[in-house]
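Me: I am new to this one, so could you walk me through it and explain the words as we go?
Reply: Gladly! Here it is, and then please ask away.

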Amino acid sequence: MVDRMYLNDMRFQANVGVTEAERFAKQTLSVTIGIEADLKNAGAADELRRTINYADLYKEIHALVEGREFNLIEAVAEAVTDVVLKHPRVDAVLVRVVKQLPKPRYNLRDVTVEIYRKRGE
């Protein structure tokens with residue numbers, strides 16, 4: 001069985017978009033990550049040092065997403081994946097990035113990208 005840890009619906013203000021209109025003002029992105037890792041020892045020992053410190057991970061993702069400019073939410077997802085996979089306890093990660101459209105277009109409220117990456121791939 002695979003253990004998972006989720007950080008759900010982290011909200012960031014980001015410079016993301018291809019068009020000038022999109023890049024004019026920061027936009028809200030919702031980022032959710034699902035981490036695959038062995039959490040058994042952490043649960044048994046009840047010790048933070050045996051798990052993934054999600055508070056530290058949140059800070060890293062926050063600094064990345066709000067500190068850079070991106071054209072595509074696909075690039076945001078890949079960059080978040082790189083940050084998460086740097087942690088040695090992480091075996092794989094699912095990253096979901098949702099971009100709320102500033103003005104609904106095409107009867108479309110938001111756009112979502114979801115990627116899954118394993119360590120070493």
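Me: What makes E1 and strand E3 a pair?
Reply: This is a predicted model, and in it E1 and strand E3 (residues 69-70) are joined over two bridges, in the parallel sense. Two strands count as paired when there are at least two bridges between them, so E1 and E3 qualify. As an example of who faces whom, Asn15 stands opposite Glu69 in E3.

Me: How do you know that strand E1 pairs with strand E2?
Reply: Nine bridges join E1 (residues 4-16) to E2 (residues 27-37), and the two run antiparallel. Pairing asks for at least two bridges, so nine is enough. Within this ladder, Met5 has Ile35 of E2 as its bridge partner.

Me: Why is the contact between Arg4 and Glu36 called a salt bridge?
Reply: The N to O distance between their side chains is 3.5 Å. The cut-off is 4 Å between a side-chain nitrogen of Lys or Arg and a carboxyl oxygen of Asp or Glu, so this contact counts. Arg4 belongs to strand E1 and Glu36 to strand E2, so the salt bridge ties together parts that are 32 residues apart in sequence.

Me: Why is Glu36 called buried, while Arg4 is called partly exposed?
Reply: Glu36 has a relative accessible area of 14%. Buried means under 20%, so Glu36 is buried. Arg4 has 46% relative accessibility; that lies between 20% and 50%, so Arg4 is partly exposed.

Me: How many salt bridges does the structure hold?
Reply: The structure holds seven salt bridges. Among them is the one between Arg11 and Asp9, at 2.7 Å from N to O. Glu47, Arg49 and Arg50 are also linked in a network of salt bridges.

Me: How do you know that Arg117 and Glu78 form a salt bridge?
Reply: Their closest N and O atoms are 2.4 Å apart, which is within 4 Å, so the pair fits the definition. This pair links distant parts of the chain, with Arg117 in strand E5 and Glu78 in helix H4 (residues 73-85), 39 residues apart. Arg117 is partly exposed at 28% relative accessibility, and Glu78 is partly exposed at 31%.

Me: What makes Val111 fit for a nonpolar surface patch?
Reply: Val111, in strand E5 (residues 108-118), has a relative accessible area of 33%. Patch residues need over 30%, so Val111 passes that cut-off. Together with Tyr106 and Leu108, Val111 makes a nonpolar surface patch of about 320 Å².

Technical notes. Residues numbered from 1 in each chain as written. Predicted model: local features only at pLDDT ≥ 70, side-chain atom pairs only at ≥ 80, totals over all residues. Heavy atoms only, no water. Helix = DSSP H or I, 4+ residues; strand = E, 2+ residues; numbered from the N terminus. Patch = residues over 30% accessible without salt bridge, like charges linked within 9 Å, V, L, I, M, F, W, Y side chains within 5 Å. Areas by Shrake-Rupley, 256 points an atom, 1.4 Å probe, with all protein chains shown as cover. Buried < 20%, exposed > 50% of the residue type's maximum accessible area, 1.4 Å probe, protein only.
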